[in-house]
Amino acid sequence: MTDAMPYAVPDWKMDDLRARIDALNKTAAKLGCAQVVLTIIGDHIKEIFPHRAYDEYGEKIAPKMVLFIDVTLTGEAPKLNGWSFLGTLQHLGDANILRALPGVTIPESYRLRPNQCDHCHTVRQRTDTYVVQHEDGRTRQVGTSCLKDFLGHSDPATIANFCSNLGDLFNEFGGGGEYDDDDFDRCPRDAEYFQMDRYLSYVVAAVRNFGWVSSTTAREYGKESTKNFALTAMTERDQAKLKDAAIPTDAHRAEAAAAIAWMKSIDGTWTQGDAYKENLHTLFTAREYLTYRDLGLAALLIPCYEREVERRITEKQAKAESHHVGTIKARMTFTDLLVTRIFTTEPGEWGSTYICGFVDADGNQLTWFASTCPAFDAGDTVSLNATVKDHSTYHDIPQTIITRATVLSVTPAGDPEAVPGGGCVTRDHTRRW
Ligand SMILES: [Zn+2]
């Protein structure tokens with residue numbers, strides 16, 4: 001019997017699987033039959049929702065990310081004189097459970113067979129009997145002690161156990177990931193895995209709304225670290241219970257994805273031998289998921305990415321001197337404006353004002369005092385129709401003040417060359433500018 005169907009085994013059960021295969025193979029060697037071979041063909045992450053929806057405190061239990069190892073198992077049941085082992089009949093009252101080895105079928109007619117041996121014709125109280133099949137198709141139900149007459153070994157109990165264990169192994173680990181919920185309740189925290197992009201979108205939401213809090217700062221000032229805040233929010237099964245500020249918006253998700261893409265694309269000139277930068281780069285290029293111990297380091301990606309983005313904006317602003325553009329009172333089209341900042345004022349009688357800063361391709365700086373939250377964010381590239389209201393200066397830098405702007409197009413920050421965005425409702429724009 002061989003069975004090359006792939007099985008998905010939870011990562012944290014692999015040791016158990018290997019131990020059982022080792023034990024089986026010792027017996028296989030004694031019986032002179034083929035070894036059970038485990039082949040790893042890949043892995044994947046799956047979100048498991050425990051059946052028990054609430055814990056002992058009445059709190060919803062969060063789903064767990066579990067790493068599954070895709071494996072194939074091949075093995076061979078003892079075979080002699082044309083007879084081979086099909087499986088085990090487990091006798092339960094009047095009916096039987098048919099435990100066939102993978103790749104073979106025990107005929108349904110065995111479902112209601114009494115607890116008997118076709119070979120010696122004894123009816124005895126046995127827990128299990130076995131079904132063997134001849135090459136010509138005949139099948140027989142036999143007890144433990146008669147197995148040897150078919151499979152030709154002096155130690156029938158060993159054969160019976162081996163066949164039974166082999167069947168159990170394939171049945172248990174051949175379930176395609178259908179495991180007891182209890183198994184997953186026992187899944188240790190350090191065996192859980194986390195999707196990079198999902199976790200980092202919670203980190204972005206936390207940083208946007210509450211600022212970056214390192215684990216050191218958290219310890220010193222009794223705050224909650226960004227890592228813990230994001231982890232708690234992400235693993236809260238009842239997301240409706242979370243405050244809005246903890247839940248990532250589409251913009252947060254876009255920034256997380258952009259940050260990951262940036263980290264994957266950078267080369268050694270960014271890390272420059274700096275240990276934690278090297279570690280970050282290694283972490284994000286090595287694989288697509290995070291383990292519990294990676295979460296602190298992974299969260300650092302977001303402040304690093306934001307510094308990189310600010311550096312790019314500064315670089316672009318420094319490239320060319322700013323000059324005034326257009327003629328006052330003239331309406332004109334501005335293309336390819338990089339949004340350098342959005343500053344939200346405290347709400348006044350007429351609500352907040354959104355001060356939007358731009359730099360055009362020539363390095364000229366523009367400012368728009370918008371009365372409603374603009375449909376773009378820092379880092380986006382936009383084209384506008386607007387009226388030139390004034391030619392002023394800010395910190396001695398010429399600024400063209402525009403008004404009545406109509407947004408023609410927005411290219412969102414989504415690629416590594418772009419800048420992070422955030423929803424302007426919950427975002428604290430004052431923090432970064
Ligand atoms: Zn018998």
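This report walks through the main features of a predicted protein model, from its overall make-up to its strands, a buried helix and its nonpolar cores.

## The whole chain

Let's start with the big picture. The protein chain has 433 residues, and 31% of them count as buried. Along the chain you will find 12 helices and 15 strands.

How do distant parts of the sequence come together? Take the contacts in the chain with a separation of 6 or more: 67% of them are between residues 24 or more positions apart.

## Strands that pair up

A bit of background helps here. Strands of a sheet pair through backbone hydrogen bonds, and the pairing is either parallel or antiparallel.

Look at residues 83-92, which form strand S5, and residues 95-100, which form strand S6: these two pair in the antiparallel sense over 6 bridges. Across this pair, Leu92 faces Ala95 of S6. The hairpin they make has 2 residues between the strands, and Gly93 there takes a positive phi near 60°.

Further along the chain, strand S14 (residues 381-394) pairs with strand S15 (residues 397-411), again in the antiparallel sense, over 12 bridges. Here Thr393 stands opposite Pro398, a residue of S15.

## A closed barrel

Which strands make up the barrel? Five of them, in the order S11-S12-S13-S15-S14, form a closed barrel with mixed pairing. From one strand to the next, the twist averages 45°.

## A helix tucked inside

Now find helix H7, residues 226-234. Why can this helix be called largely enclosed by the rest of the structure? Because 7 of its 9 residues are buried. The buried ones are Thr226, Lys227, Phe229, Ala230, Leu231, Ala233 and Met234.

And what surrounds them? The buried residues of H7 pack against three helices: H5 (196-210), H6 (215-221) and H11 (295-299).

## The nonpolar cores

In soluble globular proteins, nonpolar side chains tend to be buried together. In this model, the largest nonpolar core has 69 residues. Helix H5 supplies the largest share of this core, with 9 residues. Those with the most contacts inside the core are Tyr199, Leu200, Val203, Ala230, Ala259, Leu301 and Ile302. Ala230 may look familiar, as it is one of the buried residues of H7.

Ala259 is a nice residue to click on. Leaving aside its neighbours within four places in sequence, Ala259 touches Leu200, Leu301, Ile302 and Tyr305. Apart from the largest core lies another one, of 18 residues, including Phe334, Leu337, Leu338 and Phe376.

Definitions and conventions:
Residues are numbered from 1 along each chain as its sequence is written. This is a predicted model: local features need pLDDT of at least 70, side-chain atom pairs count only at pLDDT 80 or more; totals for chains, interfaces and linings use all residues. Two strands pair if DSSP finds at least two bridges between them. Helices (H or I, at least four residues) and strands (E, at least two) are DSSP runs, numbered from the N terminus. Axes are lines fitted to C-alpha atoms, for helices over the stretch in contact, and angles run from 0 to 180 degrees between N-to-C directions. A residue is buried if 20 or more other C-beta atoms lie within 10 Å of its own, exposed if 12 or fewer, and partly exposed in between; C-beta atoms are placed from the backbone. Two residues are in contact if their C-beta atoms, placed from the backbone, lie within 7 Å. A nonpolar core is a set of buried Ala, Val, Leu, Ile, Met, Phe, Trp, Tyr and Cys residues joined through C-beta atoms within 7 Å.
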